[in-house]
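Please look through the aromatic side chains of the model shown below, and set each label against the cut-off behind it.

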Amino acid sequence: MEREIENFKEKRFIGKDARLFKEWEMLDKRLENDPKGTYIIRKRNGLGLPVVFDIIFNIKSIVGVTPANEAGEQKPVFGDNHVMRITLPNNYPSADGQPEFVFTSEVWHPNIRFFGDFKGRVCLNTGDSGVHTHLIDYMDRVIDYLKYEDYHAKNEYPYPEDLDVAEWVLKQGEPKGWIIFDQ
């Protein structure tokens with residue numbers, strides 16, 4: 001079965017549309033034969049190029065914690081199906097046109113908002129990355145987040161996205177070894 005992107009490879013895009021196609025092509029190539037991930041196009045621009053993707057990760061990760069027991073412990077709850085929406089603004093790529101990354105499924109990580117407003121928002125410090133950073137570079141960082149191979153839980157720059165989750169990581173997750181788990 002021919003993949004949809006093949007229909008676009010003969011077209012010639014310029015400017016930001018060339019960048020949109022390149023981002024799509026890189027995501028497609030990376031996820032084409034990856035059993036741990038895939039994508040769905042949710043919205044397109046006038047030329048049919050994707051501007052909103054749902055990336056589905058099949059990776060074991062923490063999706064929440066149990067209610068506190070008598071000792072105050074909140075043990076991790078694991079899941080292995082996570083959906084992250086990537087939204088590219090009209091002015092992408094530019095310094096003020098950074099992509100937005102939001103999980104629509106539950107993820108328990110100090111750099112992903114779990115509580116309050118903007119639930120699911122992923123903090124990737126995109127302001128530090130620049131316009132030459134590609135979506136797959138961000139996706140690699142998110143994969144490291146899901147595996148707990150990368151996280152920032154201390155309440156100092158660059159600051160965690162969710163302070164409650166960060167506190168759990170520092171007081172329970174790290175000391176009890178719960179953030180080290182088989183993939």
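Q: How many aromatic pairs does the count come to?
A: In this predicted model, the count comes to 14 aromatic pairs, with ring centres required to lie within 6.5 Å.

Q: What makes the pair of Trp108 and Phe114 edge-to-face?
A: The planes of Trp108 and Phe114 stand at 75 degrees, with 4.9 Å centre to centre; because an angle over 60 degrees counts as edge-to-face, the pair takes that label.

Q: Why is Trp108 called buried, and why does Phe114 count as buried?
A: Buried means under 20% relative accessible area, and Trp108 has 4%, while Phe114 has 13%, so both residues meet the cut-off.

Q: Why is the pair of Tyr148 and Phe181 called edge-to-face?
A: The ring centres of Tyr148 and Phe181 are 6.2 Å apart, with the planes at 70 degrees; since pairing asks for centres within 6.5 Å and edge-to-face for an angle over 60 degrees, both conditions are met.

Q: How do you know that this pair links distant parts of the chain?
A: Tyr148 sits in the loop between α2 (135-146) and α3 (163-173), whereas Phe181 belongs to the segment after α3, 33 residues apart. Tyr148 and Phe181 are both buried.

Q: Which residue lies over the face of Phe8, and which over the face of Phe78?
A: Lys11 lies over the face of Phe8, at 4.6 Å from the ring centre, and Lys60 over that of Phe78, at 4.7 Å; each distance is within the 6 Å that the definition allows.

How values were computed: Residues numbered from 1 in each chain as written. Predicted model: local features only at pLDDT ≥ 70, side-chain atom pairs only at ≥ 80, totals over all residues. Heavy atoms only, no water. Phe/Tyr/Trp six-rings, centres within 6.5 Å; stacked < 30°, edge-to-face > 60°. Buried < 20%, exposed > 50% of the residue type's maximum accessible area, 1.4 Å probe, protein only. Helix = DSSP H or I, 4+ residues; strand = E, 2+ residues; numbered from the N terminus. Lys NZ or Arg CZ within 6 Å of the ring centre and 35° of its normal.
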